[in-house]
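Let's take a walk through a protein fold together. Have a look at the picture first, and then we'll go through it piece by piece.

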Amino acid sequence: MDRWQNRVAVISGASSGIGAACARLLVAAGLQVVGLARRTDRLEKLRQSLPADQRGRFHQHSCDVSQEAQVDSAFAWIEKELGGIDVMINNAGIVLGGQLIDMPTQEIGNILQTNLMGSIYCTKLAAGSMRRRQVAGHLFFVNSTAGVAGYKPDPVDESLNAYTPSKFALTAVHEICRQELIQKGSKIKTTSINPGWVATEIVPEETKAKLGEVILQADDVAQAVLYALSTPPHTQVEQITLRAVGEYF
């Protein structure tokens, strides 16, 4: 991890769950971390929870990634204050209840706008920053087993509606980015992290109760990110799929 010391990592959806876990690990590893989220009070609580000698490496900015203008503003601030982006962790995502065939179109749009377009907005700006500065950076997509081939949930489980197609689309976005960067001769890496159920705020309490111990923790996913980031410059970890032991789908 020596080559990442004081490099800038941007994490969307950093106020809780996987995003917050990634922020803690990367700050501890010596990176400058910018947490993006709508809930800035939660970002400040995260900063205060860090060891005193690490707090100066955590920066925060209000940003709803579903709104392109807010993403543009946040990244302009990062460029001005920190000089650019070296690592991008696209983590922000939402889940809403209901079935795709019945739920309001506006809610479907909200899911796609956050989970898919938010990642695209951030990826374009982060990749642009890396390419302008000729940095061999790293783009991460926090995806899901719901977005990979073979996903087949139990029929008795509640539908994930538009969440599943948003994650399948993110799988395609990751692969397209990988191919385009190769075509441009770039050394920027891309990695899709595909966890199963994770004990975060977006998972309903009844689902957590049903799963019991068969569920990942946010830190498990953050450790996967850290592993991929720590590989040598010539090694690209394209995908990591992780489930709790005993999770069927």
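Along strand β7 (residues 239-242), which side chains point to one face and which to the other? Keep in mind that this is a predicted model. Ile240 and Leu242 point to one face and are buried, while Gln239 and Thr241 point to the other face and are not buried. That's a nice case of a general pattern: in a regular strand the side chains alternate between the two faces of the sheet.

Now let's see where β7 sits. The model has an open sheet of 7 strands, in the order β3-β2-β1-β4-β5-β6-β7, with parallel pairing. At the edges stand β3 (58-62) and β7, each with a single partner strand, so one side of each is left without a neighbour in the sheet. Going from one strand to the next, the twist averages 15°.

The partner of β7 is β6, and these two pair in the parallel sense over 4 bridges. Across this pair, Pro195 stands opposite Leu242 in β7. Right beside Pro195 in the sequence you'll find Asn194, which lies in strand β6 (residues 189-195). Is Asn194 buried or exposed? Its relative accessibility is 0%, and since anything under 20% is called buried, Asn194 counts as buried. Its side chain also has a polar partner: a polar contact of 3.3 Å joins it to the side chain of Thr241. Not counting residues up to four places away in sequence, Asn194 touches Gln239, Ile240, Thr241 and Leu242, along with Asn143, Ser144, Thr145 and Val148. For a sense of distance, try Ala76: between the C-alpha atoms, Asn194 and Ala76 are 29 Å apart in space, and they are 118 residues apart in sequence.

Next, move along the sheet to β1 (residues 8-12). Strand β1 runs parallel to β4, and 3 bridges join the two. Here Val10 stands opposite Met88 in β4. Helix α1 (residues 17-28) packs on the sheet, touching β1, β2 (32-37), β3, β4 and β5 (138-142), and its direction makes about 165° with that of β1. Helix α3 lies across β1, β2, β3 and β4, running at about 150° to β3.

Helix α3 has a helical companion too. How do α3 (residues 68-82) and α4 (residues 105-132) pack? Their axes are 9 Å apart and the angle is about 25°. Angles under 35 degrees count as roughly parallel, and α3 and α4 are therefore roughly parallel to each other. As for handedness, α3 passes α4 in a right-handed crossing. Where they meet, α3 brings Glu68, Val71, Asp72, Phe75 and Glu79, and α4 brings Tyr121, Cys122, Leu125, Ala126, Ser129 and Arg132.

While you're at α4, find Ser119, which lies in this helix. Ser119 counts as buried, because its relative accessibility is 3%. Setting aside neighbours within four places in sequence, Ser119 is in contact with Asn90, Thr114 and Leu170.

Our last stop is the loop between α3 and β4 (87-90), where you'll find Asp86. With a relative accessible area of 4%, Asp86 is buried. The side chain of Asp86 makes a polar contact of 3.4 Å with the side chain of Arg7. Leaving aside neighbours within four places in sequence, the contacts of Asp86 include Trp4, Arg7, Val8, Met130 and His138.

Note on methods
Residues are numbered from 1 along each chain as its sequence is written. This is a predicted model: local features need pLDDT of at least 70, side-chain atom pairs count only at pLDDT 80 or more; totals for chains, interfaces and linings use all residues. Side-chain values use heavy atoms; hydrogens and water are left out. Buried means under 20% relative accessible area, exposed over 50%, partly exposed in between (1.4 Å probe, protein chains only). Contact means heavy atoms within 4.5 Å. A polar contact is a pair of N or O atoms within 3.5 Å; within protein, one must be able to donate a hydrogen and the other to accept it, and residues adjacent in sequence count only if both atoms are side-chain atoms. Two strands pair if DSSP finds at least two bridges between them. Axes are lines fitted to C-alpha atoms, for helices over the stretch in contact, and angles run from 0 to 180 degrees between N-to-C directions. Angles under 35 degrees count as roughly parallel, over 145 as roughly antiparallel, 65 to 115 as roughly perpendicular and the rest as oblique. A crossing is left-handed if the near helix is turned anticlockwise from the far one by less than a right angle, and right-handed if clockwise.
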